[in-house]
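Please open the model in your viewer and keep the sequence panel beside it. The stops below are meant to be selected one after another.

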Amino acid sequence: MAENIRLEVVTPEQFVVSEEAQIVVAPGVMGEFGVLPGHTPFLSELKLGTIRYKDAQGVERAVFVSGGFAEALPDKVTVLAESAERRRDIDAERAKIALERAQKRLADAKEDIDYVRARAALERAMQRLKVASTKRAQ
Amino acid sequence: MAKLKEVKLKITAVKKTKQITKAMNMVAASKLRGCQTRMEGFRPYATKFAEVLGSLSERAGEEASPLLVPREEVKKVLIVVCTSDRGLCGGFNTNLVEKARVFAKEKAGQGAEVSYVNFGKKGRDWCRKRGLSIVNEYVGIVGAKFDFSIAMVSGQRLIGAFLEGEYDEVYVIYSKFVSMARQTPLVKQLLPIPPVEKAESVEDAPYLPEHICEPSPAELLSEMLPKNVYVQLYNALLETSTSEHAARMAAMDNATKACNDMIGSLTLAYNKARQSTITAELMDIVGGAEALKG
C-alpha cells in the first residue's frame with residue numbers, strides 16, 4: 001500500500017492542485033466521503049463544497065469546488081470541477097460582495113429562474129467565505 | 001523626375017505596410033502562445049473526462065439519457081459555426097465557412113431544415129449575407145479571453161433546445177489546430193451525443209473501469225453528459241482561437257515577405273530611373289559643352 005495518495009484537482013482552465021496527500025475528504029452528493037491510500041475504485045458526483053486534505057507534511061488544506069466529479073483509485077484521487085480555488089486564492093472581498101448581491105436578489109426575486117440562479121450564487125459565495133475563514137482559525 | 005518621386009512614395013507606402021504586417025505577426029504570435037497554454041491546461045481535464053465518461057457509458061447503456069438517443073427523423077439541424085471575429089488571417093474563415101456550406105447542403109439534401117449559431121463575426125456576416133436563420137450569435141469570444149462559463153451558458157441553451165425538440169441534431173464546425181502550418185476545419189456532432197469510441201479505452205489498458213458509483217452509473221452519466229457538451233464546445237472554441245492566431249501569423253508572415261519582394265523590385269526600378277535621369281542630364285551637359293567649344 002502506498003503511503004500517500006496523489007490528489008489532482010483539475011478545472012477546464014488549469015491544474016488547481018497536484019500533490020501528495022495523506023487523506024482526502026470530499027463533498028459527495030450522497031454525503032461526504034474520505035479517501036485513504038488503497039481506496040477501492042470509486043466514482044462520485046460532488047456537490048458544491050470544500051475538499052479537505054492533509055498534504056505530505058500533515059498540514060491540513062482546503063480547496064473550494066463548485067461541484068463536479070471525483071474519481072478515487074487506490075493511489076490517486078482526481079477531481080474534475082468546473083471551478084476550484086485553493087484557500088489562499090479565494091478573493092474574500094469578491095465573495096462578500098457576491099454574497100450581498102445574491103442576498104439582495106433573493107429578497108426581491110420574482111421569477112423562478114432568477115431565484116435559482118441567485119440561490120446558486122449565494123451558496124457559492126457562502127462556501128467560498130467558509131473556506132476562506134478557516135484560514136484565520138489556524 | 002515625376003516618375004522618380006512616384007516610385008519613392010510607393011516604396012515608403014510598402015515599407016509602412018510591412019511594419020504593420022510585421023507587428024500583426026508578432027501580436028498573433030504572442031496571442032498564440034497564450035492560447036496554446038490554455039489548450040494545454042484544458043487537456044488533462046478533457047482527457048480525464050473522456051476516460052470516465054467512456055467507462056460509464058459502457059456500463060449504463062443508451063437509455064440512460066435522452067441526450068444519447070438519436071432521433072428517428074431528422075427534420076431540424078442546428079449548426080454551431082466557430083469563426084474568428086477579425087479578418088487578415090488568410091483562408092481561415094473561408095475554409096470554415098466553406099465547410100459549413102457543404103455540410104449544410106448535405107443536410108438540406110436529406111430534407112432537414114438548417115439553422116445556425118455563430119461564434120465569431122465572420123461566420124455571422126456570412127449567414128446574414130445569405131439570409132440564413134441565425135438562432136444565436138456570440139461575438140468577441142473566439143480569439144479573445146473567454147472561460148469555461150461561456151461554453152456552459154451556450155451549451156445549456158443548446159441542450160434545452162434539443163430536449164424540447166426544436167432541433168434533432170446539433171453539430172459544431174470548428175478549426176482544429178493540427179500544427180502551426182495546418183489548421184483543418186472539422187464537423188463534430190454535439191447532440192445527440194455520439195457513442196464513445198472504444199479505441200480510447202483500449203489505449204488506457206491499466207485503467208480500472210469497475211468503479212463503485214455514487215449515485216448509480218446511470219445517474220452519474222446523465223449528470224456528466226451535458227457537461228460533455230460543454231467540454232466539446234469549449235474545446236472547439238479553444239481550438240478555433242488557437243487556429244485563428246496561427247493562421248494570422250502565417251498570413252502576416254507571407255504578407256511581410258511579399259512586402260520585402262515588392263520593396264526590392266521597387267528599389268530596383270527607382271535606381272534605374274535615377275540612373276537614367278543622371279545619364280540624360282550628363283548627356284545634356286556634355287552636349288552643351290561640345291556646342292560651346294565648336
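The tour goes from the domains of one chain, through the contact between chains, to two helices of the other chain.

This is a predicted model, in which local features need pLDDT of at least 70 and side-chain atom pairs count only at pLDDT 80 or more, while totals for chains, interfaces and linings use all residues. Residues are numbered from 1 along each chain as its sequence is written, and chains are lettered from A and ligands numbered from 1 in the order in which they are written.

Begin by colouring chain A by domain, with domain 1 at 5-87 and domain 2 at 91-137; these bounds come from an automatic or database domain assignment. Their C-alpha centres lie 23 Å apart. Seven residues of domain 1 of chain A are in contact with nine of domain 2 of chain A, contact meaning that C-beta atoms, placed from the backbone, lie within 7 Å.

Next, select the contact between the chains, to which chain A gives 21 residues and chain B gives 20. On the side of chain A that touches chain B, at least two residues each come from β2 (15-28), β4 (42-55), β5 (60-73) and β6 (76-81) of chain A, where strands are DSSP runs of E with at least two residues and helices are runs of H or I with at least four, numbered from the N terminus. The most, four residues, come from β4(A).

Stay on β4(A) and add β6 (residues 212-214) of chain B: the two strands pair in the parallel sense over three bridges, pairing requiring at least two DSSP bridges. Ser44(A) has Glu214(B) as its bridge partner in β6(B).

Now move to α2 (92-109) of chain B, and show Phe92(B), Asn93(B), Leu96(B), Val97(B), Ala100(B) and Ala104(B), which are buried (20 or more other C-beta atoms within 10 Å of the residue's own, against 12 or fewer for exposed, with C-beta atoms placed from the backbone). They cover an arc of only 110 degrees around the axis, which puts them on the same side of α2(B); the arc is taken from the directions from the helix axis to the C-beta atoms. On the other side of α2(B), Val102(B), Lys105(B) and Gly109(B) are exposed. Just after α2(B), look for Gly111(B), with a positive phi of about 85 degrees.

Finally, select α3 (residues 121-129) of chain B, where Lys122(B), Gly123(B), Arg124(B), Trp126(B) and Cys127(B) are buried. These buried residues pack against β1 (76-82), α2, β2 (113-119) and β3 (134-138) of chain B. Gly131(B), with a positive phi near 65 degrees, follows α3(B).

Key: Contact = placed C-beta atoms within 7 Å.
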